[in-house]
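Trainee: Could we go through this model together, looking at what stands behind each label we give it?
Mentor: Gladly; let us have it in front of us.

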Amino acid sequence: MVITRSGSSLWLVLFTVVLGGGLSGCQGDTADLQRYVEEVKARPGGDIEPIPSLDPHDPYIYPGHDRSPFDSSVIARPLPAERVGIPGAVDIDFDRPREPLESFPLDSLRLVGSLEQEGVRYALVRTPDRTIHSVRPGNYMGQNFGRITEITPREIRLVEVVPDAFGGYMERENSVALSE
């Protein structure tokens with residue numbers, strides 16, 4: 001079929017007629033819709049519940065607490081020279097070479113056994129990648145600078161260094177129990 005210039009005009013006229021016929025079908029009687037909208041608007045409105053009244057609050061004043069809770073001097077971090085001798089003030093040696101078990105979270109490490117050799121007790125620890133490492137007191141494990149203090153046949157006891165509420169660090173005891 002060859003479409004000439006007059007043929008394309010014919011298609012344009014035909015498209016316009018079909019489009020006009022289709023759009024004329026969109027105009028219908030909307031009287032029933034108008035009646036429904038007027039009926040809904042004529043309905044009486046519902047009652048709104050009144051706002052509940054609140055009882056006045058009686059503040060309680062704690063005896064012996066005269067300091068303002070917004071006083072920031074309480075949480076000011078002391079300088080390192082001032083921290084000497086303060087319980088819980090711990091400094092971390094960041095220059096110490098990291099040991100292999102310090103790259104794993106403590107809860108992902110499993111104690112699978114222990115042995116004693118020449119008076120020194122060793123623990124066998126399994127990592128998440130199923131590698132077995134031997135450790136002894138003084139070694140480090142876990143991501144919180146956990147230093148092993150004691151190894152028993154049933155657990156590894158260690159001291160971790162965790163942040164305190166004042167911007168410093170404090171020591172916390174923890175343990176890894178034997179996996180059964």
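**What stands behind the labels**

Mentor: This protein has three helices and seven strands. Keep in mind that the model is predicted.

Trainee: Which pattern does the protein follow along the sequence?
Mentor: The pattern reads α-α-α-β-β-β-β-β-β-β. Of its 180 residues, 19% count as buried. The accessible surface comes to about 14,700 Å², and 57% of that belongs to carbon and sulfur atoms.

Trainee: What makes S1, S2 and S3 an open sheet, and which strands are at its edges?
Mentor: The three strands lie in the order S1-S2-S3 with antiparallel pairing. Strand S1 (110–117) and strand S3 (132–135) each pair on one side only, and these are the edge strands. From one strand to the next, the twist averages 25°.

Trainee: How do you know that S1 and S2 are paired?
Mentor: Pairing asks for at least two bridges, and S1 and strand S2 (residues 120–126) have seven, in the antiparallel sense. Because the requirement is at least two bridges, they count as paired. Among the partners, Gly113 has Leu124 in S2, and Glu116 stands opposite Arg121, also in S2.

Trainee: What lies between S1 and S2 in their hairpin?
Mentor: Two residues lie between them, and Glu118 in the turn has a positive phi of about 55°.

Trainee: Why is Thr127 called buried?
Mentor: Its relative accessible area is 2%, and the label buried applies under 20%, so Thr127 qualifies. Thr127 sits in the loop between S2 and S3. Leaving aside neighbours within four places in sequence, Thr127 is in contact with Leu101, Phe104, Ser108, Leu109 and His133.

Trainee: What is the arrangement of the sheet that has four strands?
Mentor: That open sheet has the order S4-S5-S6-S7, with antiparallel pairing. Strand S4 (140–141) and strand S7 (169–177) are at the edges; each has a single partner strand, so one side of each is left without a neighbour in the sheet.

Trainee: How many bridges join S4 to S5?
Mentor: Two bridges join S4 to strand S5 (residues 146–151), and these strands run antiparallel. The requirement for a pair is at least two bridges, so S4 and S5 meet it. Met141 stands opposite Gly146 in S5.

Trainee: Is Glu160 buried or exposed, and what value tells us?
Mentor: Glu160 is buried: its relative accessible area is 2%, set against a cut-off of under 20%. Glu160 belongs to strand S6 (residues 155–163). Beyond its neighbours within four places in sequence, Glu160 is in contact with Leu106, Asn144, Phe145, Gly146, Met170, Glu171, Arg172 and Asn174. The C-alpha atoms of Glu160 and Arg172 are separated by 5.2 Å, though the two are 12 residues apart along the chain.

Trainee: Why is Val40 called partly exposed?
Mentor: Val40 has a relative accessible area of 34%. Buried means under 20% and exposed means over 50%, so Val40 falls in between and is partly exposed. Val40 is found in helix H2 (residues 31–42).

Trainee: Which residues make the nonpolar surface patch?
Mentor: Leu33, Tyr36, Val37 and Val40 make that patch, about 340 Å² of surface. A patch residue needs over 30% relative accessible area, and Val40, at 34%, meets that part of the requirement.

Key. Residues numbered from 1 in each chain as written. Predicted model: local features only at pLDDT ≥ 70, side-chain atom pairs only at ≥ 80, totals over all residues. Heavy atoms only, no water. Axes fitted to C-alpha atoms, helices over the stretch in contact; angles between N-to-C directions. Buried < 20%, exposed > 50% of the residue type's maximum accessible area, 1.4 Å probe, protein only. Contact = heavy atoms within 4.5 Å. Areas by Shrake-Rupley, 256 points an atom, 1.4 Å probe, with all protein chains shown as cover. Patch = residues over 30% accessible without salt bridge, like charges linked within 9 Å, V, L, I, M, F, W, Y side chains within 5 Å. Salt bridge = Lys/Arg side-chain N within 4 Å of Asp/Glu carboxyl O.
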